[in-house]
Each structure stands twice: as C-alpha cells, then as structure tokens.
Amino acid sequence: MDLISTSEQLADACARLARHPVITVDTEFLRETTFYPLLCVVQMASAEEALVIDALADGIDLQPFFDLMANEQVLKVFHAARQDIEIVWHRAGIVPHPIFDTQVAAMVLGYGDSIAYDQLVERITGHRPDKTHRFTDWSRRPLTEEQVHYAVSDVTHLRDVFAALDADLKKRGRSDWVSEEMEVLSSPSTYDVHPERAWERLKTRVRKPKELAVLMEIAAWREQEAQSRDVPRSRVLKDDALGDIATHAPTSLERLANLRSLPKGFDRSKWGSEIVAAVQRGLARDPSTLPKIDKPRNNSNGTAIVELLKVLLRMTSERHAVAAKVIATVDDLEQIAADDNADVGALRGWRRELFGEAALALKHGRLSLAIERGKVIQVDRGAGNRSQSADQ
C-alpha cells in the first residue's frame with residue numbers, strides 16, 4: 001500500500017496499473033458546502049497492489065489518473081459509480097470507460113435495491129468493513145494512517161466483490177444486462193446537465209403550461225447561481241420555494257415578498273429582482289414550445305392496473321432474483337398503464353423480455369393473476385397454462 005502525494009509518484013503508479021485488465025476505483029470527496037464535489041482522495045487497486053492518492057497534495061497533477069480513467073484497455077470497477085464519475089467529468093471533461101458498477105450488478109443478481117457497499121462486502125466475503133471513517137473530513141491534512149488504511153480497504157475488498165459478481169453474471173448469462181446499464185453511466189449526457197434542463201430533476205408538480213414555463217426559468221436561474229457561487233442548490237433556494245414561485249408567478253417584488261417559502265427579506269436582495277425577471281421570462285414563453293405536461297393518472301381503472309403491475313413486478317423480481325427497482329420504477333408502471341408504447345426502460349431490451357411483455361399481456365387481459373394454495377400464480381388466458389410465481 002502506497003500513499004501518493006507527488007505528480008511523479010502518481011505517473012509511475014498509473015503506468016503500473018495501466019498494465020492490468022481490471023482495476024478497482026473509489027474516491028473520497030466533500031460536497032456539503034459546495035456545488036461541485038471537492039475531490040480529496042482517490043484509491044485504486046490492481047491484482048498486485050493498492051494505493052491511495054492525496055488529491056489535495058501541493059502541486060500534484062492528476063492528469064495521469066484521468067488518462068487512466070479514459071484508457072479503453074482497462075476496466076474500471078466502482079461501487080455506486082455515479083458520483084465518482086461525476087467528479088472525473090467535472091475535473092477532466094471525460095467519462096471513465098469501460099466501467100463496471102458492483103451496485104448495479106448486485107441488483108441484477110438479486111441482492112436487493114441499491115445495496116450498500118459494506119453490506120455487499122459482508123454478504124460476499126464474510127468480512128465486515130470498518131465504518132469508523134465513513135463520515136470523516138477527508139479535506140483535513142495530514143491524512144492519518146487509519147484514514148489511509150480505511151480508504152485502501154475499500155478497493156481491496158472491491159476486487160473480491162467484483163470477481164464474485166462477474167462470475168455469477170457469466171454463470172447466469174446476465175453480463176449483457178449489466179453492460180446495458182453501464183452504457184447509461186458512461187454517457188456524458190448523464191452528467192452534462194445544462195441549466196435549461198435543471199427543472200427536470202425537481203419533484204415539484206406543475207399543472208399548467210404557465211407554471212411549467214416559470215419553473216423552467218427559475219430552476220435555470222438557480223442552477224447558474226449555484227454554479228457561479230459554487231454552493232449547493234438549496235443554499236440559493238430550496239425546491240419547495242421554486243414550486244411556490246412557479247405556482248404564484250410573482251411579477252413584482254411586492255408579490256414576491258408575500259411568498260412564505262422564501263427567506264425573510266429575500267425580495268429586498270439583488271436576487272429578488274432576478275427572480276422576478278425570471279418569472280417574467282417564463283410568462284413570456286410561447287406555450288407551444290414547452291414540454292408536454294403529464295396529466296395525473298388518477299382514474300380508478302388506471303390505478304387498479306398499476307397495482308396489478310406492481311404485483312407482477314414483485315413476482316418477476318422474486319422469480320428471477322433481480323431487484324424490482326432495476327426492472328421497473330413506479331413511474332414506468334404508470335406510463336405502461338397509460339400507453340403501450342411508453343418510452344420507458346421496462347419496455348426495452350432485457351427488461352421487456354423479462355417483464356415488459358408480460359406487463360402488456362396483463363394490461364390487455366391475455367394474462368391474469370390468481371391465488372392457488374396461498375401463492376400468486378400467472379395464468380395465460382390464451383392457453384390456460386399456469387406458472388407458479390411467488391408467495392403473496
């Protein structure tokens with residue numbers, strides 16, 4: 001185990017790691033007070049060595065690490081890769097490729113929805129990882145011996161986890177399933193979120209085109225403000241405040257001051273006039289250029305279909321030992337209930353074969369569910385065949 005703190009050491013280490021077909025990678029970062037995560041530590045391991053990089057060391061050039069992340073000859077193994085990849089994308093403008101995410105692989109193999117790293121390590125290796133430094137301040141220097149040991153253990157255990165999951169995927173013929181998911185994680189569009197699209201991540205529901213137009217403008221304003229100040233979005237305005245502004249569309253500072261979701265005195269700050277300007281831009285938008293607003297699916301028949309699809313999803317998940325979350329989301333089910341050609345993951349690729357076709361058959365009465373001897377079964381209404389699926 002080595003602690004890398006100079007550019008020369010890092011270049012030599014990355015050259016050694018680049019000779020291996022597979023390496024494991026993890027990062028330690030802080031983002032509680034910033035918009036962009038502050039990269040503090042990088043840990044990597046090959047079959048022969050493990051090392052920790054002090055990413056905050058004076059004068060260190062991380063380019064060899066970024067070059068290694070872009071090396072197409074080396075498979076990079078992460079657990080819950082999205083935030084690690086986001087850091088590389090922000091710092092270097094590249095997305096690591098090829099990659100393997102052990103959390104995704106674990107879901108495909110039935111370890112549950114979004115299993116935590118320490119739980120996965122314990123279930124596969126029997127080793128219980130030390131959690132002592134999970135919430136440590138990784139920006140403080142010098143790094144302690146205990147911190148370095150904790151950091152490097154993440155990637156050494158990850159070698160064993162990857163080997164076990166990879167073998168199980170190949171045995172069950174599911175390697176391609178994980179590869180499809182890695183394409184999403186490897187796409188720059190996953191991380192390159194422009195301010196104009198910031199509204200898409202909000203859970204705020206809007207019902208009218210006018211409200212959507214205002215929401216789009218104020219969400220873009222908040223995104224730009226958070227980025228320029230390098231502070232979390234919530235430090236600028238909380239999500240519920242954006243929803244409140246979108247609903248009431250205040251076109252003056254006086255009306256803005258009446259919104260209870262805004263901090264007291266916000267209307268008198270420079271941001272007050274900027275919010276009003278964003279609202280006015282939203283109201284001036286051409287409604288025909290706005291995205292379509294999904295209508296609430298609250299009719300009783302549609303709700304009943306979704307509930308039946310949930311049962312079918314649970315049965316499919318248990319029968320094939322695949323986490324339900326990775327097969328379909330509740331939103332997927334709602335869209336399938338409303339539209340046979342819904343553009344959702346559950347109706348594409350391996351998910352359609354595993355679940356999507358049966359979901360459509362259930363929706364149109366070609367498949368039904370029944371209880372037999374205390375268990376839920378599927379009944380093919382065309383052929384009259386039954387297949388036992390799962391306990392109720």
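Mentor: Before we start, a quick definition: Lys and Arg count as positive and Asp and Glu as negative, while His and the chain ends are left out. Keep in mind, too, that this is a predicted model.

Trainee: Okay, so how far apart do the centres of the positive and negative sets lie?

Mentor: Start with the two sets themselves: the protein has 52 positive side chains and 60 negative ones. Each set has its own centre, and the distance between the two centres is 8 Å.

Trainee: How many helices and how many strands does the protein have?

Mentor: Have a look along the C-alpha trace, which spans about 65 × 65 × 35 Å on its principal axes. The tally for the protein is 16 helices and 9 strands.

Trainee: What share of the 392 residues is buried?

Mentor: A residue goes in the buried group if its relative accessible area is under 20%. Out of the 392 residues in the protein, that group makes up 46%.

Trainee: Is the pair of Phe65 and Phe66 stacked, edge-to-face or tilted?

Mentor: A whole-structure search turns up 5 aromatic pairs. In the pair of Phe65 and Phe66, the ring centres are 5.5 Å apart and the planes sit at 50°. Planes under 30 degrees apart would be stacked and those over 60 edge-to-face. The angle here is 50°, so the pair is tilted.

Trainee: And is Phe65 buried or exposed?

Mentor: Use the cut-off again: buried means under 20% relative accessible area. Its neighbour in the pair, Phe66, has 6% and is buried. Phe65 has a relative accessibility of 2%, so Phe65 counts as buried.

Trainee: In which loop do I find Pro98?

Mentor: Pro98 is worth a look, since the peptide bond from His97 to Pro98 is cis, with omega near -5°. Follow helix 3 (82–92) and stop before strand 6 (99–101). Pro98 is in the loop between helix 3 and strand 6.

Trainee: What about Pro142, where is that one?

Mentor: The peptide bond from Arg141 to Pro142 is cis too, with omega near 5°. For the place of Pro142, look between helix 5 (117–125) and helix 6 (145–172). That makes it the loop between helix 5 and helix 6.

Trainee: Is Ala321 buried, partly exposed or exposed?

Mentor: Ala321 has a positive phi of about 55° although it is not a glycine, and its place is in the loop between helix 13 (300–320) and helix 14 (324–327). Buried is under 20% and exposed is over 50%. Ala321 has 29% relative accessibility, so it counts as partly exposed.

Conventions. Residues numbered from 1 in each chain as written. Predicted model: local features only at pLDDT ≥ 70, side-chain atom pairs only at ≥ 80, totals over all residues. Heavy atoms only, no water. Helix = DSSP H or I, 4+ residues; strand = E, 2+ residues; numbered from the N terminus. Buried < 20%, exposed > 50% of the residue type's maximum accessible area, 1.4 Å probe, protein only. Charge placed at Lys NZ, Arg CZ, Asp CG, Glu CD. Phe/Tyr/Trp six-rings, centres within 6.5 Å; stacked < 30°, edge-to-face > 60°.
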